[in-house]
Amino acid sequence: MEIVVIGMGYAGISTAAMFANEGFNVIGVQRKSKRSGWKIDYLNAGKCPIGGDEPGLAELIEKVVRKGSFRVTDDISVCKKADVIIIVVQTPVDEKHEPQYNSLKEVSQAVGRHMKKGVMIIESTVAPGTTNHIIKPILEESSGMKAGRDFNLVYSYERVMIGRLLHNLVYMPRIVGGLTPECTQRGVKFYRNIVKAELFPTDCLTAEVAKVTENTYRDVNIAFANEVALICESLGVNVHEVRRFVNSLPNDPSDPAKNPYRMMHIPGAGTGGHCLPKDPWLLKYSLDAYGGSKFTPKILVESRRINDFMPQHMKDLVEEALHEKGVKLQDARVCILGLAFLGDSDDTRNTPALPLYNLLKGVCKEVVVHDPFVKEFEGVVLTDDLEDALRNKDCMVIVTRHKEYVDIRLDWLKSVLATLVIVDGRNVFNPKDCEDAGFSYRGVGIGVRVKAK
Ligand code: SAJ
């Protein structure tokens, strides 16, 4: 069977390599864009363009490219021989939180022009209603075929998690939403080739709502943790102590397998990535675009605002901690540790480090960013030399929990910093150890006990 995977991103590459390893002939399609065009030659050389730690992925790509069952091109006309076309292009939201579907629409147009009768089209994260209201009409119009009758249309989303790309594809249950029951059935049969976990059949719309809800749930829970963190700071307690106790509430003794009664998330410097900052807005957009009802969601909107506020809060903590050492923000040289949005990853999409960098850059004497995985980032002074980054600085700000930072020793830090100030956005350091070592310490959710007079 011929499979074409359009969009060589985290999900596209791992999906293509998995199917290529299961005996399918897979062609990846990647447009020659400034940001990602280089991946075509890189993948065809059997190399993995995804940085950070992705167990098994680099070896798998090398194997299937050498075997000749996976190759990449920018020529979308390869769709004409495909039995299955999987569209996994990015669907970002703009500053008005509206989904930007231009690349998805262009791709759907092109697929429609080339696809053959009987093909199955599968596509990825979109606002609920998009498959029915946008993708389907474009495919029918540009192919002259009828969805459900002449070709199958399925929505099935990846549960992509940085650091677990391959693992999740195989071991995570998967929702398969078809336009018709026949589409669903064919989609379930197709994914049985690589998914070892349960496959849940449903319709497109339900699957689309489930995907964005899955991430909105997480974003709201992180916002809850961040709000509790701000309360703890004001009350002078440590949110991580509070969280430990809250989550110690035992499972239901009569049914221990039940989910923990409490699963408070971890407060921090903000929520980045390609999922959480976007999916709540896709859910809200679908309500406005297709929902009809005048109901306006409040919790998911307010949660986005709280999470987006955290970089500003980090700047406030930097100002407060420097002040304690008698250093004004405008005189300070600051080092931000971590540009990636997630620990031990090179993924910088929607990273909370960028708004913090921009907030500080405009005010401080100097701001440098360190990251062990991110090699370059337009407009950011970036280095992967930790000592160089920290030398003679007045404040070290942790935004990303890279392992390299967890290993930093306070006595080493004292020998490189000019002023002993730590602002901890990921609960890396022990506040008391820092204070005992002479540092001014601020952390998200770490209340500063008013020093007894
Ligand atoms: N974050 C917190 N507190 C938390 C968890 C995360 O502040 O308790 C921050 C992280 O630092 C990061 C951002 O949120 O900046 C996103 O973190 P994430 O762990 O959710 O990572 P993502 O964006 O890769 O999320 C993906 C999502 N998976 C899919 O979309 C299929 C998400 O639904 C998963 O729950 C998550 O991976 C996961 O669990 O790893």
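1. In this predicted model, a polar side-chain atom of R164 lies 3.0 Å from an oxygen atom of the ligand. That is a polar contact, meaning a pair of N or O atoms within 3.5 Å. Residues are numbered from 1 along each chain as its sequence is written. Local features need pLDDT of at least 70, side-chain atom pairs count only at pLDDT 80 or more, totals for chains, interfaces and linings use all residues, and side-chain values use heavy atoms, with hydrogens and water left out.

2. Two further contacts involve ligand oxygen. An N or O atom in the side chain of N215 is 2.3 Å from an oxygen atom of the ligand. For F341 the partner is a polar backbone atom, 2.8 Å from a ligand oxygen. Of the 740 Å² of accessible area that the ligand has on its own, the protein covers 88% (Shrake-Rupley method, 1.4 Å probe).

3. The ligand has 20 residues around it, and N215, R218, I266, G272 and F341 come nearest (a residue is near if one of its heavy atoms lies within 4 Å). By class, the shell has 9 nonpolar, 5 polar and 6 charged residues; Asp, Glu, Lys and Arg count as charged, Ala, Val, Leu, Ile, Met, Phe, Trp, Tyr, Cys and Pro as nonpolar, and the others, Gly among them, as polar.

4. One open sheet has 8 strands in the order β3-β2-β1-β4-β5-β6-β7-β8, with mixed pairing. Strands are DSSP runs of E with at least two residues, and helices are runs of H or I with at least four; two strands pair if DSSP finds at least two bridges between them. β3 (70-73) and β8 (199-203) each have a single partner strand, so one side of each is left without a neighbour in the sheet. Neighbouring strands are turned by 25 degrees against each other on average, direction ignored.

5. Within this sheet, β4 (residues 84-87) and β5 (residues 120-123) pair in the parallel sense over 4 bridges. I85 stands opposite I121 in β5. Helix α5 (residues 130-143) lies across β5 and β6 (152-155), running at about 150 degrees to β6 (contact means heavy atoms within 4.5 Å; angles run from 0 to 180 degrees between N-to-C directions of axes fitted to C-alpha atoms, for helices over the stretch in contact). Helix α8 (residues 204-235) touches β6, β7 (174-178) and β8, and its direction makes about 120 degrees with that of β8.

6. An open sheet of 6 strands has parallel pairing and the order β11-β10-β9-β12-β13-β14. β11 (382-383) and β14 (440-443) are its edge strands, each pairing on one side only. β10 (residues 366-370) runs parallel to β11 and is joined to it by 2 bridges, with H370 opposite T383 in β11.

Conventions
Polar contact = N/O pair within 3.5 Å; in protein donor to acceptor, adjacent residues only side chain to side chain.
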